[in-house]
Amino acid sequence: MKFTPEVLLSAPRRSAGTPNPSGTHVLYTTSTYNFQTHAKTIELRVLEVESGDSHRLAKDDEVSDFNWLDDDTFACLQAEKDGSTSVYVASVSKCIEKKPELGRSHYVAGKIEAAASNLKVCRLDNTPEDFAVVLSAQVCPDGSLFTTEKANKKTHSSGRLYSSLYVRHWDHYVEVQKNCLWHGKLAKGGDGKYALSGLSNALKSTGLECPISPFGGTDCFDVSAHGIIFVAKDPTLNPALNTKCNVYLLHMNDWTSQSGIAMREVHAAGYEGAATSPVFDATGENAAFLMMERNGYEADSNSIFVAPGAASTGTGPLEAREVSCSGLESSSNDGWKLSLQSIAFAADGRSILATSELKGCGALLQLDLSSDTKENRISIVADEGYVGDFHPLADGRILISSSSLIDSSLYTIVDSKGTVQDKATWSHSQSNAGSKFGLKSSQVSSVWTPAANPEVNKEIHSWVMKPSAFDSSKKYPVAYLIHGGPQGSWADSWSTRWNPAVYAEQGYIVVCPNPTGSTGYGQAFTDAIRGNWGGDPYEDIVKCFEWIGENMPEADNSRAVALGASYGGYMMNWIQGHDLGRKFKALVCHDGIFSFAGGLLATEELYFPFHDLGGTPWYNPGFKSSQNPPSALTQGHKNFGASTLNDWRKWDPSEHLTEWSTPQLTIHSSKDYRLPISEGLAAFNVLQARGVKSEFLCFPDENHWVLKPENSLVWHKVVLNWINGFVGLPAYCEEDPESERFWGGVKEEGADGVEMPGMGKPET
């Protein structure tokens with residue numbers, strides 16, 4: 001099999017696995033798109049760990065949020081076609097022994113007259129057969145549920161009036177309804193079946209929103225028998241100018257009513273940044289969370305805080321203590337200073353498990369809490385591929401869901417004791433370690449090339465992927481892929497958007513550099529991009545390009561192309577105006593930045609450009625702070641300091657238009673509110689007006705990412721045909737772009753394009 005975009009996009013996409021407490025069964029979903037029928041298929045499946053057998057439990061139901069009630073029974077959510085949500089309870093053994101049948105193998109325990117998600121449950125201490133339930137659904141300004149009926153009400157005018165930020169966020173205009181947590185109880189009746197109580201607004205009259213928009217989910221809260229811990233943006237601050245979050249505890253006296261809820265804040269002294277991953281241990285007596293120190297900087301290093309006494313009913317703030325770490329050195333000069341991404345208590349509560357990027361991989365780490373010393377020992381549990389999710393099992397083992405550059409989905413059960421090499425006790429690969437795609441591990445390697453600023457890191461790391469039919473006696477064109485972020489990285493992980501194997505199998509040697517600003521190589525390396533967007537990162541790429549040309553005879557740099565999205569798209573426009581641009585045969589810019597003043601002042605999360613470009617672009621030497629409450633102007637000045645538009649112009653691609661001469665494909669989508677479509681149009685207009693060979697591809701129904709498989713296939717057709725034509729490779733697609741077939745054929749009346757769950761890191 002040749003690995004092509006169509007193979008990538010039509011392959012089943014397996015979700016992270018959810019194991020039962022003993023680790024004998026794993027629930028998961030697969031989503032598959034068929035380009036012949038133009039239809040998506042979803043299956044809920046259970047994997048038997050001992051035999052490796054997989055059984056289908058449901059098909060074409062929008063099921064999610066699996067929570068095991070015991071080793072055989074689980075609860076989940078199902079999105080109904082009328083916009084409501086059902087809470088189902090199912091028995092795995094009954095589903096397997098006979099064909100699943102409503103009422104026998106599974107049943108509806110309750111219904112929510114709204115779109116709901118992010119279900120979490122916890123067994124109650126006083127009634128062990130019953131469970132506390134927490135989920136999220138949107139709320140109206142009066143605190144009532146934003147029901148399907150309310151959602152369907154529309155005014156004759158489509159106008160919107162705003163008097164504060166945000167106006168839009170990610171891919172939608174902001175409305176008055178907000179995300180909210182709702183609580184209730186799943187109680188077992190005399191007939192042995194569970195029933196869901198009525199749900200109550202856990203955040204009523206607080207002014208708080210959880211999960212945090214636009215991507216927050218179960219990583220924003222946790223539930224114990226005693227209550228809820230959650231994170232929310234500070235309600236006194238402007239969300240577009242601040243990342244500051246607060247951590248709260250809700251003590252629940254009654255899970256079935258609004259009364260008896262006591263809320264207290266959890267205080268992390270000296271920390272004013274974003275927070276995530278609040279978790280309880282198994283007893284609910286202890287909690288932990290991640291928090292950043294700096295407000296306004298979304299890529300700051302996450303620190304672990306532990307809050308003992310989380311089940312107590314105090315009135316004042318609960319003081320959390322920061323957990324210091326030792327035992328793991330990074331490649332940066334500041335020692336171990338990597339940012340953790342998610343955490344959970346181990347089954348015995350004596351350690352914390354955490355994910356972190358580490359030199360181009362997504363590692364699972366374990367932090368020992370039992371030490372009496374100030375420093376807590378941290379060790380590696382897994383450091384191959386990219387750990388996307390993990391679940392501690394009751395006996396101390398851990399189920400890990402991961403992927404790699406060749407393997408789309410791998411489940412592994414590891415023993416946290418012993419060395420990294422002998423910890424894995426069981427594994428299950430969906431793609432048979434890439435062989436189902438015709439991919440193999442020998443295609444993937446790493447190179448380390450000189451860094452622009454050796455005082456931060458001496459070298460930068462790049463992933464290299466060669467064709468599966470690589471012949472060392474031949475020379476291959478080179479595709480340089482530049483990641484987004486900019487605080488992100490290329491990692492040993494699978495992606496359905498930017499997959500290096502797609503380009504390798506076209507006949508390229510693919511180089512994926514992680515220049516200054518990338519994550520996983522020490523916090524100082526990440527921080528070094530501030531006020532430096534077109535400086536050290538560009539020079540890192542130049543040095544990487546030169547090193548490849550001098551040290552890899554199989555790589556033909558005279559036939560090189562470069563591609564990038566988001567910050568990577570910015571870098572394409574920056575390269576256009578500089579010397580490196582003349583060394584590439586062609587460029588591809590996806591959702592890139594053309595002008596700082598035009599593009600980044602129109603973005604939604606203004607804290608991002610204000611931080612990264614060195615301050616707000618309105619210098620005022622006579623500025624005086626206003627207080628109680630602080631104005632937006634005061635908040636911006638406090639968080640970022642003052643800069644000027646002249647300062648911003650130092651790294652602005654639009655300042656170098658006289659040099660633009662390399663053929664460029666520009667791609668931008670209409671619902672991209674992070675970087676508005678005017679940025680792509682401006683770049684294309686300049687290229688056309690200068691007589692530079694160029695094309696513009698637009699998707700009116702996509703955001704910063706292209707998620708609909710029919711659109712994604714067209715994206716790949718256009719991109720591969722563009723770059724292949726400049727390096728002497730055959731076109732990927734021979735169809736005429738003027739034909740209907742090129743665009744997927746004629747759609748039936750009333751049919752809507754479906755989205756598929758994206759796989760991969762947000763910046764790749």
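Which residues lie nearest the centre of the largest cavity? They are L249, L250, H251, A310 and S312, out of 16 residues that line it. I'll come back to that.

First, the ground rules. This is a predicted model, where local features need pLDDT of at least 70, side-chain atom pairs count only at pLDDT 80 or more, and totals for chains, interfaces and linings use all residues. Residues are numbered from 1 along each chain as its sequence is written, and side-chain values use heavy atoms, with hydrogens and water left out.

Now the overall picture. The chain has 13 helices and 42 strands. Those are DSSP runs numbered from the N terminus: helices are H or I with at least four residues, strands are E with at least two. The radius of gyration is 26 Å, close to the 27 Å that the globule rule gives for 764 residues, so the chain is as compact as a globular protein of that length. That radius is taken over C-alpha atoms, and the rule is 2.2 Å times the number of residues to the power 0.38. The C-alpha trace spans about 75 × 70 × 65 Å along its principal axes. Of the 764 residues, 57% are buried. Buried means under 20% relative accessible area, exposed over 50%, partly exposed in between, with a 1.4 Å probe and protein chains only.

Next, one sheet. It is open, has 4 strands, and runs β6-β7-β8-β9 with antiparallel pairing. At the edges sit β6 (62-68) and β9 (106-112), each pairing on one side only. Neighbouring strands here are turned by 25° against each other on average, direction ignored. For that angle, axes are lines fitted to C-alpha atoms, for helices over the stretch in contact, and angles run from 0 to 180 degrees between N-to-C directions. Two strands pair if DSSP finds at least two bridges between them.

Take β6 and β7 (residues 73-79). They are joined by 5 bridges. N67 partners A75, and E62 stands opposite A79. The two strands form a hairpin with 4 residues between them.

On to β7 and β8 (residues 85-91). This antiparallel pair has 7 bridges. One of the partnerships is F74 with A90 in β8. Again we get a hairpin, with 5 residues between the strands, and G83 in the turn has a positive phi of about 95°.

Why is β7 largely enclosed by the rest of the structure? Because 6 of its 7 residues are buried.

Back to the cavities. There are 5 of 30 Å³ or more. A cavity is a set of points, on a 1 Å grid over the protein atoms alone, where a 1.4 Å probe fits but cannot get out; lining residues have an atom within 4 Å of a point. Points are joined across faces, edges and corners, and a volume is the space filled by probe spheres set on them.

The largest cavity holds about 70 Å³. Elements giving two or more residues to its lining are β18 (227-233), β19 (245-252) and β20 (261-267). That lining has 8 nonpolar, 7 polar and 1 charged residues. Ala, Val, Leu, Ile, Met, Phe, Trp, Tyr, Cys and Pro count as nonpolar, Asp, Glu, Lys and Arg as charged, and the others, Gly among them, as polar.

The second largest holds about 60 Å³. Its lining includes L9, R13 and G758.

Note on methods:
1 Å grid on protein atoms, 1.4 Å probe; cavity = no way out; pocket = protein on both sides within 12 Å on 5 of 7 lines; lining within 4 Å.
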